[in-house]
Amino acid sequence: MRILGIDPGLQTTGFGVVDVDGHALRYVASGTIRTTHLPLGDLPGRIKVLLDGVREVAERYAPDAATVEIVFVNVNPQSTLLLGQARGACIAALVSRDLPVSEYTALQMKKAVVGHGRAAKSQVQEMVRRLLRLPGLPGTDAADALGLAITHAHAGQAMARLQAASPLQRRQHAMYKDGRSY
């Protein structure tokens, strides 16, 4: 099974591709899609670069599944909204290629890869390097994307078995129940 991990960002989006055979992981590719050559105010242009870039990566590496990091709410709501738009472009590119898309938080990825959710970026880089037996450290965005692919390689199998045993209901973000959001 080939898994494509995406770490969305409006300026730099990381991608990582991993092959999984049982418990064995094999590095295929990683890198970044950058929009920094465009003016900061050109949001539509940046979204197009991300959409085209993720679509091209998915076409080139032909993954069987994809995973994208779930956006957390920042202190700055404007930054959160912009990041959400970048994430939406990435997901749209993946589903346009008919890929199943799973989602994990940064905390879930860090816990799966490093062993604790508060791991530093350097710790994620080092563990990704070790798990995939890479000769050097991947960049931070690529390491996060590879970490998401690794997380899905492990958690995705367990989730598929649970789904087969009893259907799981997806928790919706920003849903209101009895006047409370969860």
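**Exercise 1. Place Glu 126 in the fold and say whether its surface is buried or exposed.**

Step 1: Glu 126 is found in helix H4, which covers residues 121-131. Helices (H or I, at least four residues) and strands (E, at least two) are DSSP runs, numbered from the N terminus.

Step 2: Glu 126 has a relative accessibility of 22%, so it counts as partly exposed. Here buried means under 20% relative accessible area, exposed over 50%, and partly exposed in between (1.4 Å probe, protein chains only).

Step 3: Look along the chain to Pro 138, twelve residues from Glu 126 in sequence; their C-alpha atoms are 8.5 Å apart.

A word on the model before going on. It is predicted, with residues numbered from 1 along each chain as its sequence is written. Local features need pLDDT of at least 70 and side-chain atom pairs count only at pLDDT 80 or more, while totals for chains, interfaces and linings use all residues; side-chain values use heavy atoms, without hydrogens and water.

**Exercise 2. Find out where the predictor's confidence is under 50.**

Step 1: Start with the term: pLDDT is the predictor's confidence in each residue, from 0 to 100. The protein averages 89, and 86% of the residues score at least 70.

Step 2: Now go to residues 175-182, where pLDDT stays under 50. For this stretch the model has eight contacts (heavy atoms within 4.5 Å) beyond four places in sequence.

**Exercise 3. Describe the order of helices and strands.**

Step 1: Count the elements: there are five helices and seven strands.

Step 2: Read from the N terminus, and the order is β-β-β-α-β-α-β-α-α-α-β-β.

**Exercise 4. Work out which residues touch the most other members of the largest nonpolar core.**

Step 1: A nonpolar core is a set of buried Ala, Val, Leu, Ile, Met, Phe, Trp, Tyr and Cys residues joined through side-chain atoms within 4.5 Å. In soluble globular proteins, nonpolar side chains tend to be buried together.

Step 2: The largest core has 20 residues, and Leu 4, Ile 6, Phe 15, Val 54 and Leu 94 touch the most other members. At least two residues each come from strands S1 (2-7), S2 (12-21), S3 (24-34) and S4 (65-69), and from helices H1 (43-61) and H2 (77-96).

Step 3: Apart from this core lies another, of 17 residues, including Ile 3, Val 128, Leu 148 and Ala 149.

Step 4: Zoom in on Phe 15. Leaving out residues up to four places away in sequence, Phe 15 touches, among others, Leu 4, Ile 6, Val 57, Tyr 61 and Ala 145.

**Exercise 5. Decide whether Thr 151 is buried or exposed, and name its contacts.**

Step 1: Thr 151 sits in helix H5, residues 140-165.

Step 2: Its relative accessible area is 3%, so Thr 151 is buried.

Step 3: Beyond its neighbours within four places in sequence, Thr 151 is in contact with Tyr 104, Gln 108, Met 109, Ala 112, Val 113 and Gly 156.

**Exercise 6. Examine phi at Ala 62 and Asp 98.**

Step 1: Ala 62 lies in the loop between H1 and S4. Its phi is near 45°, a positive value in a residue other than glycine.

Step 2: Asp 98 lies in the loop between H2 and strand S5 (101-104). Phi of Asp 98 is near 60°, again positive in a residue other than glycine.

Step 3: With a relative accessible area of 69%, Asp 98 is exposed.
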